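Open the structure in your viewer and keep the sequence panel beside it. The stops below say what to select and what is found there.

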Amino acid sequence: MADATEQRAVATAFAPPPPLWKHFTRENIDKLDQIKKEALKKDEEVGSKANHWSPAKLRSLEVPPELRFLVPPEIPTGEYTVFGEPQTLSTTLPSLKEQGIEQLYPEPATETDQASSQTAQPLNHAYYLLKISKSLLLNFLEFVGILAVSPEQYESKVEDLRNLFINAHHLLNLYRPHQARESLIMMMEEQLRRTKEEITKMDQVKMEIESLMDQLEAEGKGLNRAAKLERNPETSAEREMTAENAQLVWGLLEKIN
């Protein structure tokens, strides 16, 4: 009777915490620490110096019943229970037939079936979702009519509506791999777009820096010319006169010779 009450409590929408939390008291934690210290002393006597407590090593300790909830359990390998509902570690979506529910659409063709038969076509999810939606509307109208005429016969129609909703939900879940693939494609496209924008901005900054460097180089050459003119203040006319005087001197020297 107690197990049935606990199972109902766990299966509620807002389930209370599991009763094992009551064992996590300061007294029990101190007891477990004392057991660890005693186990370490025995290991030191044997010659082992390992002081890291792995979950497997903790499970190997001999602890009283009130402390067994403080020891981590083994990692589940097949199924586990959450709020009274059995769950599986497999990522494969179980079919409705495996769950004992009537399936209102054909089984989707596997890759092996498509390879062996050319006529095998993939399941058209949208087509069957539309059919189930229309069936839901029709069954709901029939359900309203039954409630108006003979309300005591509602159970069969409620079961039909429940089966239709479960089939529609299962069909939508078959889209999950496609949704995950499309989400990854969108994320990669967004990342590629951001990368291209960053490259474009880097190219613009590079062009601006090159233009600035060319401008600085031109200004530097102008400053060099100005500095040379300051060190040699002769004008162009003076330079021409000096050249003419030099020519006259060379001419006189040639006549003398």
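Is N139 buried or exposed? Select N139: this residue is buried, with a relative accessible area of 11%, where buried means under 20% relative accessible area, exposed over 50% and partly exposed in between, for a 1.4 Å probe and protein chains only. The model is predicted, so local features need pLDDT of at least 70 and side-chain atom pairs count only at pLDDT 80 or more, while totals for chains, interfaces and linings use all residues. Residues are numbered from 1 along each chain as its sequence is written, and side-chain values use heavy atoms, with hydrogens and water left out.

Next, show the whole protein. Its secondary structure comes to eight helices and two strands, in the order α-α-α-β-β-α-α-α-α-α along the sequence. Helices (H or I, at least four residues) and strands (E, at least two) are DSSP runs, numbered from the N terminus. Of the 257 residues in the protein, 14% are buried.

Return to N139, which is found in helix α5. Leaving out residues up to four places away in sequence, N139 touches K157, D160, L161 and L164; a contact means heavy atoms within 4.5 Å.

Now select α5 (residues 125-149) and α6 (residues 154-173) together. Their axes come within 9 Å and cross at roughly 160 degrees. Axes are lines fitted to C-alpha atoms, for helices over the stretch in contact, and angles run from 0 to 180 degrees between N-to-C directions. The two helices, α5 and α6, are therefore roughly antiparallel to each other, a term for angles over 145 degrees. On the α5 side, the residues that meet α6 include L129, I132, L136 and F143; on the α6 side, those that meet α5 include V158, L161, F165 and L172. By class, this contact of α5 with α6 has 16 nonpolar, four polar and three charged residues. Nonpolar covers Ala, Val, Leu, Ile, Met, Phe, Trp, Tyr, Cys and Pro; charged covers Asp, Glu, Lys and Arg; the others, Gly among them, are polar.

Select L137, also a residue of helix α5. L137 is exposed, with a relative accessible area of 60%. From L137 to L161 is 24 residues in sequence and 9.4 Å in space, C-alpha to C-alpha.

Finish on α6 alone. Helix α6 has 20 residues and reaches 29 Å from its first C-alpha to its last, close to the 28 Å expected at 1.5 Å a residue. That expected span is 1.5 Å times one less than the number of residues. Colour the buried residues of α6, among them L161, L164, A168 and L171.

Key:
Angles under 35 degrees count as roughly parallel, over 145 as roughly antiparallel, 65 to 115 as roughly perpendicular and the rest as oblique.
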